[in-house]
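Trainee: I am new to this structure and should like to look closely at a single part of it. Would you please take me through one stretch of strands and explain how it sits within the whole?

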Amino acid sequence: MLMLLSSSSIYAQENEADNKSISENNYSPFSLSAHLKNMHTWHGFVVHPGAMLASSLEYNSKNKKFTFGFWGGASFSSVDVKNINTGENESAYYKEVSIYTKYRFSDKFFIEAVTHNNYTGVEERGDKLSYWSYDKTQGYNFVDLNFGYNVTPNTLLYFATIINGGSGDYEIQDNGDLKDSWTHYFEVSSKVWQNSNSSLSVFAGGAWSFITNKTFYTEGAGNIINVGATYNKQFAVLKHTIPVDVTLMWNPEQEKTVIQLDVTLF
């Protein structure tokens with residue numbers, strides 16, 4: 001009996017070691033993705049109204065707690081921007097390269113920081129492009145600090161704060177000084193239905209500032225700006241599964257309603 005238990009124990013330890021070795025060999029610290037979208041929306045904004053390609057490259061720690069990555073987007077269509085020197089409209093393609101990092105304290109709680117770098121039309125409007133510039137008046141770089149908490153496996157509470165203003169997120173005082181707004185954004189999203197290959201989620205988000213009478217997202221000190229639903233369906237194409245999201249978004253303040261199509265290529 002003792003010999004049998006010892007043999008079983010040795011076998012279990014060897015099997016556990018083999019599984020651990022397989023798991024370690026399968027670990028890949030880097031991943032990439034690509035999305036094809038008919039437009040790009042974010043927190044109730046239509047960032048770009050035309051078709052675009054979004055991609056990301058990120059590093060994930062072995063314990064899956066830490067993430068560091070780059071997210072970028074480029075459009076197939078252009079928008080008009082006014083050149084500050086000539087007063088003429090110039091065509092500009094959407095261009096963004098943002099940097100993000102996230103740490104997951106548990107399955108429920110995470111914190112992340114993002115430096116948004118949307119430099120669409122900077123040179124076309126007559127400004128000098130400086131990727132690392134955070135001058136508020138240039139209007140394309142800003143940083144936000146975000147917290148997420150899953151109150152249930154299907155419901156997420158998301159709180160974001162734009163740090164120290166940025167990208168036009170300020171008020172001009174009587175003496176000409178720029179007062180930062182420190183915009184806050186809060187969103188609740190929840191998956192309300194699911195089957196084997198599709199799901200439906202709903203969301204609602206609002207923005208406000210305790211500091212100024214405007215925010216990055218709103219004309220006033222606060223408002224509901226992002227209400228809608230996302231339907232996800234997994235399509236089988238040859239031997240691959242292609243996730244497709246359709247998001248119906250309504251911004252009550254701007255009286256704007258759009259439908260965003262997002263196809264995950266890989």
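Mentor: What follows is a close look at strand β8 and its surroundings, set within the chain as a whole.

The model is a predicted one. The mean pLDDT of the protein chain is 90, and 91% of its residues reach 70 or more. Residues 1-12 should be read with care: pLDDT stays under 50 there, and the model shows zero contacts for them beyond four places in sequence.

The chain has 266 residues, of which 35% count as buried. Its secondary structure comes to one helix and 16 strands. Along the principal axes, the C-alpha atoms fill a box of roughly 90 × 45 × 35 Å. About 15,600 Å² of the chain is exposed, and carbon and sulfur atoms supply 59% of that area. Among contacts between residues at least 6 apart in sequence, 49% join residues at least 24 apart.

We may now turn to β8 itself, which spans residues 141-152. On one side in sequence stands β7, made of residues 109-117. These two strands pair in the antiparallel sense over nine bridges. Within that pairing, V114 has D144 of β8 as its bridge partner. In the other direction comes β9, residues 155-162, which pairs with β8 in the antiparallel sense over eight bridges. A hairpin through two residues joins β8 to β9, and T152 stands opposite T155 of β9.

The loop between β7 and β8 contains K128. K128 is exposed, because its relative accessible area is 70% and the cut-off for exposed is over 50%. Leaving out residues up to four places away in sequence, K128 touches V122, Q138 and Y140. K128 and Y100 are 28 residues apart in sequence, and their C-alpha atoms are 24 Å apart in space.

The strands also contribute to the interior. The largest nonpolar core has ten residues, including F110, F142, Y158, A160 and I162. The element that gives the most to this core is β9, with three residues. F142 deserves a separate word: beyond its neighbours within four places in sequence, its contacts include V114, T115 and H116, together with I162 and F216.

For comparison, let us consider two buried residues elsewhere in the chain. S56 belongs to strand β4, residues 52-60. S56 counts as buried because its relative accessibility is 14%, and the limit for buried is under 20%. The side chains of S56 and S33 are joined by a polar contact of 2.5 Å. Among the residues that S56 touches beyond four places in sequence are F70, W71 and Y100.

T67 is placed in strand β5, residues 66-82. With a relative accessible area of 2%, T67 is buried as well. Its side chain makes a polar contact of 2.5 Å with that of N60. Setting aside neighbours within four places in sequence, T67 is in contact with E58, Y59, N60, Y100, T101, K102 and R104. Y100 thus appears in the contacts of S56 and in those of T67.

To return to the part in question, β8 pairs with β7 and with β9, while K128 is exposed in the loop that leads from β7 to β8.

Terms used
Residues numbered from 1 in each chain as written. Predicted model: local features only at pLDDT ≥ 70, side-chain atom pairs only at ≥ 80, totals over all residues. Heavy atoms only, no water. Helix = DSSP H or I, 4+ residues; strand = E, 2+ residues; numbered from the N terminus. Buried < 20%, exposed > 50% of the residue type's maximum accessible area, 1.4 Å probe, protein only. Contact = heavy atoms within 4.5 Å. Pairing = 2+ DSSP bridges. pLDDT = per-residue confidence, 0-100. Polar contact = N/O pair within 3.5 Å; in protein donor to acceptor, adjacent residues only side chain to side chain. Areas by Shrake-Rupley, 256 points an atom, 1.4 Å probe, with all protein chains shown as cover. Core = buried A, V, L, I, M, F, W, Y, C linked by side-chain atoms within 4.5 Å.
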